[in-house]
Amino acid sequence: MNDDSRYAAVRSRDARFDGEFFFAVTTTGIYCRPSCPATTPKRANVRFFPTAAAAQGAGFRACRRCRPDAVPGSAGWNARADMVGRAMQLIGDGIVDREGVGGLAARLGYSARQVQRQLNAELGAGPIALARAQRSHTARILLQTTDMQAAEIAFAAGFASVRQFNDTIRATYAVTPGELRRARPAGSTRFGPVAPPDGSAGVARRLAYRGPYAAAEVFDHLERRALAGVEEVTGERGTRLYRRTLRLPYGSGIAEVQEAKGDGWLECRLHLSDLRDLTTASQRVRRLFDLDADPEAVLERLGRGDPDSPLARLVLRRPGMRSPGTVDAHELAVRAVLGQQVSVAAGRRLGGALVAAYGEPLEWPSGGLTHLFPRAAELAGAALEEIGMPAARRATVRTLCEALVDGAVVLEAGADRDAAEEALLRLRGVGPWTAGYIRMRGLSDPDVFLPSDVAALAGMRACGVAPAGHESWRPWRSYAMEYFWRATATTSTTAAPAADGTAGPDGAGGTDGTGLPAGARRPVRARVPRAVPVPVRTGSVPAPTGATGGPGTAGATASGGSAQAPGTLGTAPGTASGTATGGVGAAGPGRSARLAGSRESDVRNPPETGAAGRQSGAMGHSAPMTHTVPGRGTP
C-alpha cells in the first residue's frame, strides 16, 4: 500500500484501515484515524505513519474528534511471526511497563539495542514510545470513566511520576488531564469509552473491531465451553452477556462483554482488583474475541480469488467469521488436554471439576463466577484423582504444566510459535493436532491448518473442498477452518449450534487425540463427574440481570442420551483415522455415527501416543457421534 492509496482511504473515510495506519495534518498539528469524519485535508498537507506512537514522536497530537488511540490493532502483528510482530504483541500485553525494555528484549531473544533499532526502522518509534502511547490511552480511559485522582491514574496507567503523566497527556491531547476529564464523550459518540464516572460499574471499554463481526458465532463458541465457576453466559441469543474471571499480573478481575454490537465495537466492562492491569486485561479480552482481525483481507484471500469455489461461497455467505483466542494460553493448553477423546459437554464437566478442586477462590464471588482457573504450578504436582480422568491423561496434564512452569514450553503473547509447537510435540501425550490447536487458539496464529481434524474434513467434504488446496488459503487458514467447522454444523440434520470441530472445552475432533500410553490397544473413556457446587457470597462486583448466583449455570449441557444412528455402521479396523477418510465409522460396539452430521461437541479423538504423536492403530473407535442438544436450534 503506497501513500496515494492511503490517501484514497482517507478521502473515502474507510474504517477498514483504522489501526493499519494513521495520517497527520501538518497545518493543524493533529493526527487521525483514516475514518475521521473531519473535512479531508489537502494531499500536500498529509503525512502517514504506521503507528500512533510514530505520529506522536513527530510532534503531532491526537484528534479529539476521531480518537485515533481507540482504534483496533493491526492484524499484521498476529499474522507476522517476526521480531517486530512479536514485540508489538508483548508491548500490547504491558511487558515494557512491567519489565522495561530489557525484559522485552530478553523475551524476544535480542539485545535491547537491536530491538530499539528495528522498531524505529519499521514503525518509526521505539519500545518506550510505543508503550508511552499505550499509557496515554489508558490514562484517558481512566480520566473519563472514573473519579480517581489524577495522581492515582498516573501510576495505574504505568507512568513513573505525576510530572511524566502530565507532560505526556499535554503532548498527546494538547490539554491538561483536568481538561481531558471534562471533555468526556457523549453517550452517543462512536469513538471512545462511555460510562458513569463512578467506579461501581467497573471500567467501561468500547472494544473496536474492523469490518463485519460474526458475534453470534463467537458467543456460541464461548457459551458451549463456559466452565462453571470461571465463565458464564446469560441472556438470549443476540443479547447475551459473557462474563469470566481473569488472572492478571497485579491481581484478578472480571470481564463482561455484551453480544449486542455497537457501531464498530463490543461493549465491555472490566472489574479489576488493581487498575494497573487495565491495559493487559483489555488486550487479552481483545485476543479472546479476535477483535484485531482483518475480515477484508480474509475475504480477499478466501472469497474473491475464485468466487465460484465452495469455500468462497461459504465466506461470502457469512463474512466476518472470527477465530476466537484465549485470555490465558496456559489455561487453553490444559483445557485442550482435558477435552481429548470426550465431547465438549464432558470436557466442560472435567474442567469444572478441575476448577472446583484446584482453582483459586475469588475473594468476592459474583454471580456464577467463583474461581480463577488453577495455575500451572498448582497442577504440575497435583494428583488430579478428583477429576476422574484416565491415569495417562492426568500424566499428560502434569507433564504439560511442568513444562510451562520450568519454561520448556513458552505460551504467552509474542511467543515464538514455531518453537512453542516444537516444544509441545516433545511432550508425551501431545501430538500434531493438539499442538496445532494450542498454536491457533492460545497463540492467536491466523494461519493454522489441522489436516487430521475430523469435523473440518467433514465440512470440506460437505462443501466439495479438497484439503490438498490448503496452501492457497495462506495466511488465513485458521479462518478457513472456522468456516469448515461451521459448514459441518449447518449441513447436519440435528439441531446444533455453531461448530468448530473441537471435542473438549477447547480441544478438537482431530485424528490425533492424546492421552494414552505407547502401545495402548484402545481408548479409555473418562469418568466425568459433575462439577462440585461452590457456595457463592454476595460480592462487590454486581452480578448481571438474570444470573443464577451459582456455578454451572451458563451454556447448554449436551444430552447424555444415546447417539443417533441414521448412518451406516462402520468399523475402520486397524486405523485411528479411518473415519476421517471413509466418512463413516464406529464409535464403539453397538454405536453408529454419521460423519456429515457431526459437530464439535460430539467428535471424539482417537488415541495418539508417544512424544511424536504416533497412532496406536489398534481399533477404529474414533468416529464422531452425533448427540442431540435439547433446547438448541440450528443457527
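Start with the aromatic rings: across the whole of this predicted model, a search finds twelve aromatic pairs. Select Trp 473 and Phe 484 to see one of them. Their ring centres are 5.4 Å apart and their planes meet at 50 degrees, so this pair is tilted. The two residues link distant parts of the chain, eleven residues apart. Trp 473 sits in the loop between helix H21 (454-463) and helix H22 (477-490), while Phe 484 belongs to helix H22. Colour both by accessibility: Trp 473 is buried, with a relative accessible area of 7%, and Phe 484 is buried too, at 0%.

Next, select Phe 17, Phe 21 and Phe 48, which form one aromatic cluster. Then go to Tyr 250 and show Arg 276 with it. Arg 276 lies over the face of the Tyr 250 ring, at 3.9 Å from the ring centre.

Now show the cysteines. How many disulfides does a search of the whole structure find? The result is zero. Select Cys 66 and Cys 36 to look at one case. The closest cysteine sulfur to that of Cys 66 is in Cys 36, at 3.8 Å, which is too far for a bond, because a disulfide needs the two sulfur atoms within 2.5 Å. Cys 66 is buried, with a relative accessibility of 0%. Another cysteine to select is Cys 268, which is buried at a relative accessible area of 2%.

Move on to the open sheet of five strands. Its order is S5-S9-S8-S7-S6, and the pairing is antiparallel. Which strands stand at the edges? They are S5 (203-208) and S6 (231-234); each has a single partner strand, so one side of each is left without a neighbour in the sheet. From one strand to the next, the twist averages 25 degrees.

Within this sheet, select strand S8 (residues 252-261) and strand S9 (residues 265-272). They run antiparallel and are joined by six bridges. One bridge to find pairs Gly 253 with Leu 272 in S9. Add helix H12 (residues 278-288), which packs on the sheet and touches S5, strand S7 (241-247), S8 and S9. The direction of H12 makes about 140 degrees with that of S9.

The last stop is a hairpin. Select strand S10 (residues 360-366) and strand S11 (residues 369-372), which pair in the antiparallel sense over three bridges. Glu 360 has Leu 372 in S11 as its bridge partner. Two residues lie between the strands of this hairpin, and Gly 367 takes a positive phi near 60 degrees.

Definitions and conventions
Residues are numbered from 1 along each chain as its sequence is written. This is a predicted model: local features need pLDDT of at least 70, side-chain atom pairs count only at pLDDT 80 or more; totals for chains, interfaces and linings use all residues. Side-chain values use heavy atoms; hydrogens and water are left out. Rings of Phe, Tyr and Trp (its six-membered ring) pair if their centres lie within 6.5 Å; planes under 30 degrees apart count as stacked, over 60 as edge-to-face and the rest as tilted. Helices (H or I, at least four residues) and strands (E, at least two) are DSSP runs, numbered from the N terminus. Buried means under 20% relative accessible area, exposed over 50%, partly exposed in between (1.4 Å probe, protein chains only). A charge sits over a ring if NZ of Lys or CZ of Arg is within 6 Å of the ring centre and within 35 degrees of the ring normal. Two strands pair if DSSP finds at least two bridges between them. Axes are lines fitted to C-alpha atoms, for helices over the stretch in contact, and angles run from 0 to 180 degrees between N-to-C directions. Contact means heavy atoms within 4.5 Å.
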